[in-house]
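Trainee: I have a model open and would like to learn how to read it, one feature at a time. Could you walk me through it?

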Amino acid sequence: METSKRLEGIGEYYFSQKLREIDDLNKQGKNIINLGIGSPDQPPHPDVIKTLQEESAKPNVHAYQSYKGSPILRKGISEWYKGWYNVGLDPDSEILPLIGSKEGIMHICMTYLNKGNEVLVPNPGYPTYRSAVMLAGGKCKEYKLKEKNNYEPDFDALEKIVKRRKRAVSELVASPDGGGRVGAVKLMFVNYPQMPTGQLPSRELFKKLVAFGKENGILIIHDNPYSFILNENPMSLLSVEGARDCVIELNSLSKSHNMAGWRVGMLCGAKERIDEVLRFKSNMDSGMFLPVQLAAAKALTLGKEWHEEVNKVYKVRRDKVHELLDLLICKFSKEQAGLFVWAKIPAKYKTGYELSDDVLYNSNVFITPGGIFGDAGDKYVRVSLCAPLEKIEEAINRIKN
Ligand SMILES: Cc1ncc(COP(=O)(O)O)c(C=O)c1O
């Protein structure tokens, strides 16, 4: 059957393909150590599981749920944002629970993009931004994040792109297919702590992003799932004054609360933005299973001790991953946040793909080539911290041998 035009240029997600290859290698008895994917391997807090168990045993929790999510979860999210990020959000109108933040990326693109509208996406960056824009009919305009600029956007270059597009659009409005062939920049995806580079944001950067969005009429989408991982100071872009005028923030319990498989995320922003996205989302799915929402609300009440416990484990693993990367003669910053270490490959490899294949086929260890996050990542690899210490140690031994 011929697939739709909108799927042209969209391949199967890299990890979906690669995990199949790793499965095949495992079937041949290779027992691959997977240091690729960022899926937390530690369990959620026991109280979270207990809430799910108790709530799901009740007879009256199994019906369809509100499209806007349970008021208890929205209140929990509002208190969490206030407590950790010092951002006040109205639980009734400024929060939309999501089935994981990944779906929010698609909902936003479907809500705002017309054919030809352009979207600024980071390179390197989370591949889903690019595919969601393309699936929604938009066009990606990549902006490079460079190590020498602390992986921050070059705002002068961005201004030039935006002005050029505006000029082109105004020249084309008279032409019959003007709207279809060229579009103004409408959205910009940003993500700090940044994946895959682990770069933390500064308040200065956040202020610049909001100013840029306001000045150019661009909706800034801040994807913020890593703010609690190996970071003492979680920040929200919505904490910048006036941000609500031009920012939507996505957040998630996947990494911060070890709940990736539970699929709980959120979209926060001005009431108008929530209503707009809900127009699309409410046509796609229904509210999450109520016990999951109540357990998520429980998770959001966990305090500092929880995050310290989770991060204690990641810190020890990170030191080991540093050892592994030293062994591969890669260069990296020790200041990275998030679930990975991003590292520059030595000159003997042309790309991170080469190094990744070398380690996979010769040592039975999988690490992610940086190029899957955009060509600016070609000379890098990314190693996940989501594997037990013993596995990382074994990976080191295999590479040594
Ligand atoms: C940058 C980034 N955004 C979003 C997501 C998706 O997270 P969720 O589990 O909330 O859908 C991921 C997951 O790996 C990610 O790395």
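Mentor: Gladly, and let us start with the ligand, bearing in mind that this model is predicted. To find the shell of a bound molecule, we ask which residues have a heavy atom within 4 Å of it. Here 14 residues surround the ligand, and Asp223, Tyr226, Ser252, Ser254 and Arg263 are the closest.

Trainee: What is the make-up of the shell around the ligand, by nonpolar, polar and charged residues?

Mentor: The shell is a mixture: five of its residues are nonpolar, five are polar and four are charged.

Trainee: Which atoms of aspartate 223 and arginine 263 should I look at beside the ligand?

Mentor: For polar contacts, look for pairs of N or O atoms within 3.5 Å. Aspartate 223 places a polar side-chain atom 2.5 Å from a nitrogen atom of the ligand. Arginine 263 also uses a polar side-chain atom, and this one lies 2.7 Å from a ligand oxygen atom. Lysine 102 takes part through its backbone: an N or O atom there is 2.8 Å from an oxygen atom of the ligand.

Trainee: How much of the ligand does the protein bury?

Mentor: The ligand taken alone exposes 390 Å², and the protein buries 90% of that.

Trainee: Which pocket does the ligand take up?

Mentor: The ligand occupies the largest pocket, which holds about 530 Å³ of space. Its lining has 24 residues, and those closest to the pocket centre are Gly38, Lys102, Tyr126, Tyr226 and Lys255. You will recognise Tyr226, which is also among the residues closest to the ligand. Sorted by class, the lining of the largest pocket comprises 11 nonpolar, eight polar and five charged residues.

Trainee: And what lines the second largest pocket?

Mentor: That pocket has about 340 Å³ of space and a lining of 18 residues, with Ile10, Gly11, Tyr13, Pro127 and Ser131 nearest its centre. Nine of the lining residues are nonpolar, six polar and three charged.

Trainee: Which helix gives the most to the lining of the second largest pocket?

Mentor: Helix H5 (127-135) does, with seven residues. Helix H4 (101-112) supplies at least two.

Trainee: Now for the backbone. Where are the cis peptide bonds that end in proline 124 and proline 196?

Mentor: Read omega for each bond. Between asparagine 123 and proline 124 the bond is cis, with omega about 5 degrees; proline 124 sits in the loop between strand E3 (118-123) and H5. From methionine 195 to proline 196 the bond is again cis, with omega near 15 degrees. Proline 196 belongs to the loop between strand E5 (185-190) and helix H8 (203-216).

Trainee: What is the sign of phi at asparagine 31?

Mentor: Phi there is positive, near 50 degrees, in a residue other than glycine. To find asparagine 31, go to the loop that runs between helix H1 (14-27) and strand E1 (33-34).

Notes
Residues are numbered from 1 along each chain as its sequence is written. This is a predicted model: local features need pLDDT of at least 70, side-chain atom pairs count only at pLDDT 80 or more; totals for chains, interfaces and linings use all residues. Side-chain values use heavy atoms; hydrogens and water are left out. On a 1 Å grid over the protein atoms alone, a cavity is a set of points where a 1.4 Å probe fits but cannot get out, and a pocket is an open set with protein on both sides within 12 Å along at least five of seven lines; lining residues have an atom within 4 Å of a point. Grid points are joined across faces, edges and corners, and a volume is the space filled by probe spheres set on the points. Ala, Val, Leu, Ile, Met, Phe, Trp, Tyr, Cys and Pro count as nonpolar, Asp, Glu, Lys and Arg as charged, and the others, Gly among them, as polar. Helices (H or I, at least four residues) and strands (E, at least two) are DSSP runs, numbered from the N terminus. A polar contact is a pair of N or O atoms within 3.5 Å; within protein, one must be able to donate a hydrogen and the other to accept it, and residues adjacent in sequence count only if both atoms are side-chain atoms. Accessible areas come from the Shrake-Rupley method with a 1.4 Å probe; for residues, only the protein chains shown count as cover. A molecule sits in a cavity or pocket if more than half of its atoms lie within 2 Å of its grid points.
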